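Got the model open in your viewer? Set it to cartoon, keep the selection box handy, and follow along stop by stop.

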Amino acid sequence: MMLLYATILALIVANSPLYEWYHHLLELHISIGVGDLMIDESVHHWINDGLMAIFFLLVGLEIKRELKYGELSTFQSALLPAVAAVGGAALPALIFWGFNAGTGYMDGWAIPMATDIAFVIGIVALLGSRVPVWAKVFVTAIAVVDDLIAVLVIAFFYTESISMVALGVAGISFLFLMLLNYRGVHKISPYMIIGFIMWWAVLKSGVHATIAGVMLGFVMPASRGWSLERLKEYAQEGFDLFKQAEDDDMPVTKEQALHHMEETVEHAESPLHRLEHKLHFSVYFLIMPIFAFANAGVVFDPEVMGHAFVSTLTWGIAIGLFVGKQIGILGFTWILTKLGFTDLADNKETWKVVYGVALLAGIGFTMSLFIANLSFEAGSEVLEFGKVGILVGSLASGLLGYYFLSRRPDYGADTQQPYDVPEGSEATS
């Protein structure tokens, strides 16, 4: 809802007398650093290169968690969402190519490949138990793989001229981060300090700065610093301190006992999980809405809109998101199921859910806007065409996906079986 409100606000401001203020604010320059280390960028660039690096740090953490502990941790569990995500990325790119081959718009080929994980999971949450638990896990895993594909595309295809010196500094920073991980350092602050240096170096190198966020996420330790036995012992010591603090004659304060228990909780969770929890609120309730407000402000100028709706760029993106995503995900899932590589129940009800999920994956929005800003010059008419295509494709996918899944009966989350269950079994009973 925050993303939706920020988008609506951006559209209202961009088409009101406040547009000049909106444009001036985004183009206002802010400088940080001195000499050759100076970074002088507009507010718009600070949002897209700075704040979005924090978003991509969260993406990196989520990808690593899924690869280590989640739905992508084994080949069998990762196969279906990985293949479905590849299909959902490849077909939109092919559709875009079919519309725009030989034109000057081909720089935007990756725009319809993206899925906005925040919007998709938000809509799935609104639908409640109309969407089975297995489908929620499935769409989350697809979105994580989709983010990984987007990161690789940005790294390899949206990189400007390279500064080898800055890239070398980034590489050394990454080696230091790996050393911290290897030595078992579980405090978050050293990683963040070196990660900031790496981000600065990557920004100066010509490689897109958000890649530094993903790299930092990948090196965060994903295991606890203490064993379960040590945690139990330390927690017991903290409990004993609380009991001692009740006696005024004892030199132990409640503050000391609380600090002890706080340290126990800190060591009970890995740095990866701790940082993910710390970032979650700021990313999804501040950074993403700010990004949406800064990038979704399409000016509905009749002349520009007239050109947009006859442009192959607009329709390549819109149809890529709306048609390419659903056919790519549904089609690749169907092929794997028919070949016997999945445990999905091959029945009408299952395919209805898969189709609804595939529709929702066509919501590209923030990720598509991000890639569009990398593809075309800021303020250009071509970029406006791209934004129109993203809004049309994402809106159609979101509305139809929500409507399709909302028509399903609300059976309750625990009664919906994702897989075939033999007759007479306990689960069937």
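Rings first: those of Phe, Tyr and Trp (its six-membered ring) count as a pair if their centres lie within 6.5 Å, with planes under 30 degrees apart called stacked, over 60 edge-to-face and the rest tilted. Search the whole structure that way and you get 14 aromatic pairs. Before you click on any, note that this is a predicted model, where local features need pLDDT of at least 70, side-chain atom pairs count only at pLDDT 80 or more, and totals for chains, interfaces and linings use all residues. Numbering runs from 1 along each chain as its sequence is written, and side-chain values use heavy atoms, with hydrogens and water left out.

**Stop 1: two ring pairs**

Select Tyr22 and Phe293. Their rings sit edge-to-face, 5.2 Å centre to centre with 85° between the planes. Tyr22 belongs to helix 2 (residues 19–27) and Phe293 to helix 12 (residues 271–295), so this pair ties together parts that are 271 residues apart in sequence. Helices here are DSSP runs (H or I, at least four residues), numbered from the N terminus. Both Tyr22 and Phe293 are buried, buried being under 20% relative accessible area with a 1.4 Å probe and protein chains only, against over 50% for exposed and partly exposed in between.

Next, pick Trp46 and Trp199. This pair is tilted, at 6.2 Å centre to centre and 35° between the planes. Trp46 is in helix 3 (residues 43–68) and Trp199 in helix 8 (residues 188–205), so parts 153 residues apart in sequence are tied together by the pair. Trp46 counts as buried because its relative accessibility is 17%, and Trp199 does too, at 9%. Add Phe196 and Trp200 to the selection, and you have a cluster of four residues, Trp46 and Trp199 included, linked by ring pairs.

**Stop 2: His44 and Asn295**

Stay on helix 3 and select His44. Is His44 buried or exposed? Its relative accessibility is 9%, so His44 counts as buried. Now show its side chain with that of Asn295: a polar contact of 2.8 Å joins them. (A polar contact is a pair of N or O atoms within 3.5 Å; within protein, one must be able to donate a hydrogen and the other to accept it, and residues adjacent in sequence count only if both atoms are side-chain atoms.)

Asn295 is in helix 12 and is buried, with a relative accessible area of 0%. Its side chain also makes a polar contact with the side chain of Asn48, at 3.2 Å. Leaving out residues up to four places away in sequence, Asn295 touches Tyr22, His44, Asn48, Leu369, Asn373 and Lys387, where contact means heavy atoms within 4.5 Å. With that same exclusion, His44 touches Leu26, Glu27, Ala294, Asn295 and Asn373.

**Stop 3: helix 16 and a cavity**

Asn373 leads you to helix 16 (residues 365–375), where ten of the eleven residues are buried. Among those buried are Leu369, Ile371 and Asn373.

Keep Ile371 selected and add Ala89, Ala110, Met113, Ala114, Asp146, Ile149, Ala150 and Val153: together they line the largest cavity. On a 1 Å grid over the protein atoms alone, a cavity is a set of points where a 1.4 Å probe fits but cannot get out, while a pocket is an open set with protein on both sides within 12 Å along at least five of seven lines; lining residues have an atom within 4 Å of a point. The largest cavity holds about 50 Å³ of space, a volume being the space filled by probe spheres set on the grid points, which are joined across faces, edges and corners. Which helix gives the largest share of its lining? Helix 6 (residues 133–157) does, with four residues.

**Stop 4: the largest pocket**

Select Met1, Leu3, Ala118, Phe119 and Ile123. The largest pocket has about 960 Å³ of space, and of the 31 residues that line it, those five are the closest to its centre. Helix 5 (117–127) supplies the largest share of the lining, seven residues.

**Stop 5: Leu313**

Finish in helix 14 (residues 312–338), at Leu313. At 0% relative accessibility, Leu313 counts as buried. Draw a distance to Trp109: the C-alpha atoms are separated by 9.3 Å, with the two positions 204 residues apart along the chain. Neighbours within four places aside, the contacts of Leu313 include Phe96, Tyr105, Phe376 and Phe385.

Note on methods. Helix = DSSP H or I, 4+ residues; strand = E, 2+ residues; numbered from the N terminus.
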